[in-house]
Amino acid sequence: MSRKKVFVTRPDFHQSGIKLLEEKFDVQYNPEPHDVSEDYLLQHIKGADALFCIVTDKITKEVLDAAGPQLKVVATISIGFEHIDVEECKKRSIQVCNAANPISVSAVAEFTVGLLLSVSRKIIKAAGAIQRGEWIQTWSPDYYVGRGLINAVVGIVGMGRIGQAVLDRILPFEVSKVYYYDVFSPISAADEKGAYSTTFDRLLTDSDYVIVTCNLTEDNRGMFDSKAFSMMKPDAVFVNTSRGGVVQQDALIEALKNKRIRAAAIDVMTPEPLPKDHELLTLPNVVVTPHIAAAEETVWERMSTLTAENIIAVLEGRKPLTPVY
């Protein structure tokens, strides 16, 4: 009996999961260490029983058609799954799995807090001043003075696993209050820790820091528009480690340029990768990182293993560990 086929969209995923798959299945790869092209994917997914992919791979109806009716599972080595046509998968009884696990959630949460502090305490800007030779006096009372979290009001948009993990890490900084907005509010786990469910508008108007950790959906795409930024405090800091699509980027740029908000720190944007001459990178009050919130050594190993374990479970007739639905 021929072994089932698993198609992997790139060869440089952590080998922990790939080795598990190779023990049981015929594993075929896109051989190039970069995003798989649409043409290559459409051609080589034919006959696959499972797909091992990442958030940059667009798994559309056309891809599912090309795979064929034997496709049983699409497993992504990411927490987000908006790149997969989930509704089309449901119609075809194809299981969709993501790689949500406590280690990756913790890594994104700690990076989110680090990103916030890097811009609010002007850490990146101050470090650059030394490299540029601008540190020419020992000390002055207004030299790179930033703002911390003590007594601050923090608003978290999206109180899922990552939002709750950010909440856990924010509270020890002696913040004054934490508001949250989530479509599934109230969330008892957050309420029990002292966070307050509120409306999106009130969160914007009352928060010193607005942190975005929600999934990207068609309902929240572009929710941070000109109106949203105009409602925020002039000295507010905006932090986004969710998806670039929740922000209308031109509106963010205008808010930063016109000092409608104090600063922003973002790990996600549109497009990705961001061109080096993009206007966003010319602004002095923004820190931009290249979508690396989950890029932690133990995380990638575990996410690779979990993605493989999901595929193995489905192809062996068992329930996956982290199904999307």
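1. Over residues 8-324 of this predicted model, the chain is 35% helix and 14% strand. The C-alpha atoms at the two ends of that stretch are 19 Å apart. The range is that of the annotation "domain: D-isomer specific 2-hydroxyacid dehydrogenase catalytic", which comes from an unreviewed UniProt entry.

2. A second annotation in the unreviewed UniProt entry, "domain: D-isomer specific 2-hydroxyacid dehydrogenase NAD-binding", covers residues 113-293. Helix accounts for 30% of this range and strand for 15%. Its end C-alpha atoms lie 10 Å apart.

3. The domain assignment divides the chain into domain 1, made of 5-98 + 298-316, and domain 2, made of 103-288. Between the C-alpha centres of domain 1 and domain 2 the distance is 32 Å. Contact between the two involves nine residues of domain 1 and nine residues of domain 2.

4. Helix α5 (residues 102-120) packs on helix α12 (residues 297-315) at an angle of about 145°, and the axes are 9 Å apart. The crossing of α5 past α12 is left-handed. On the α5 side the residues in contact are Ile103, Ser104 and Ala107; on the α12 side they are Thr298, Val299, Arg302 and Met303. Sorted by class, this contact has four nonpolar, two polar and one charged residues. On spacing, a general point applies: an α-helix has 3.6 residues a turn, so residues three or four places apart point the same way.

5. Val73 is placed in strand β4 (residues 73-76). Val73 counts as buried because its relative accessible area is 0%, against a cut-off of under 20%. Leaving aside residues up to four places away in sequence, Val73 touches Asp49, Ala50, Leu51, Ile94, Gln95 and Cys97. Val73 also touches Ile311, Val314 and Leu315. Thr289, by contrast, is 216 residues from Val73 in sequence and 32 Å from Val73 in space, C-alpha to C-alpha.

6. Leu42 sits in helix α2 (residues 38-44). Leu42 counts as partly exposed because its relative accessibility is 23%, and buried would require under 20%. Leu42 and Val63 are 21 residues apart along the chain, with 5.7 Å between their C-alpha atoms. Val63 is also one of the residues that Leu42 touches, together with Glu62 and Ala66, when residues up to four places away in sequence are not counted.

7. In helix α11 (residues 249-257), the buried residues include Gln249, Ala251 and Leu252. Ile253, Ala255 and Leu256 of α11 are buried as well. The buried residues of α11 pack against α10 (226-231) and three strands: β10 (237-240), β11 (263-266) and β12 (286-288). Just after α11, Lys259 has a positive phi of about 55°.

8. The loop between β11 and β12 should be looked at for its prolines. Pro271 is found in this loop, and the peptide bond from Thr270 to Pro271 is cis, with omega near 0°. Pro273 lies in the loop between β11 and β12 too, and the bond from Glu272 to Pro273 is likewise cis, with omega near 0°. As background, most residues other than glycine have a negative phi, and most peptide bonds are trans.

9. Positive phi values also occur elsewhere. Lys122, in the loop between α5 and α6, has a positive phi of about 60° although it is not a glycine. Lys122 counts as partly exposed because its relative accessibility is 30%. Asn151 is found in the loop between α6 and β6, and its phi is near 65°, again positive in a residue other than glycine. Asn151 is classed as exposed because its relative accessible area is 60%, where the cut-off is over 50%.

10. Val145 is found in the loop between α6 (123-131) and β6 (153-157). With a relative accessible area of 46%, Val145 is partly exposed; exposed would require over 50%. Val145 and Val86 are 59 residues apart in sequence, and their C-alpha atoms are 47 Å apart in space.

Definitions and conventions: Residues numbered from 1 in each chain as written. Predicted model: local features only at pLDDT ≥ 70, side-chain atom pairs only at ≥ 80, totals over all residues. Heavy atoms only, no water. UniProt positions renumbered as here; feature names shortened; annotations may be inferred. Helix = DSSP H or I, 4+ residues; strand = E, 2+ residues; numbered from the N terminus. Axes fitted to C-alpha atoms, helices over the stretch in contact; angles between N-to-C directions. Left-handed = near helix turned anticlockwise from the far one by under 90°. Contact = heavy atoms within 4.5 Å. Nonpolar A, V, L, I, M, F, W, Y, C, P; charged D, E, K, R; others polar. Buried < 20%, exposed > 50% of the residue type's maximum accessible area, 1.4 Å probe, protein only. Domains from an automatic or database assignment.
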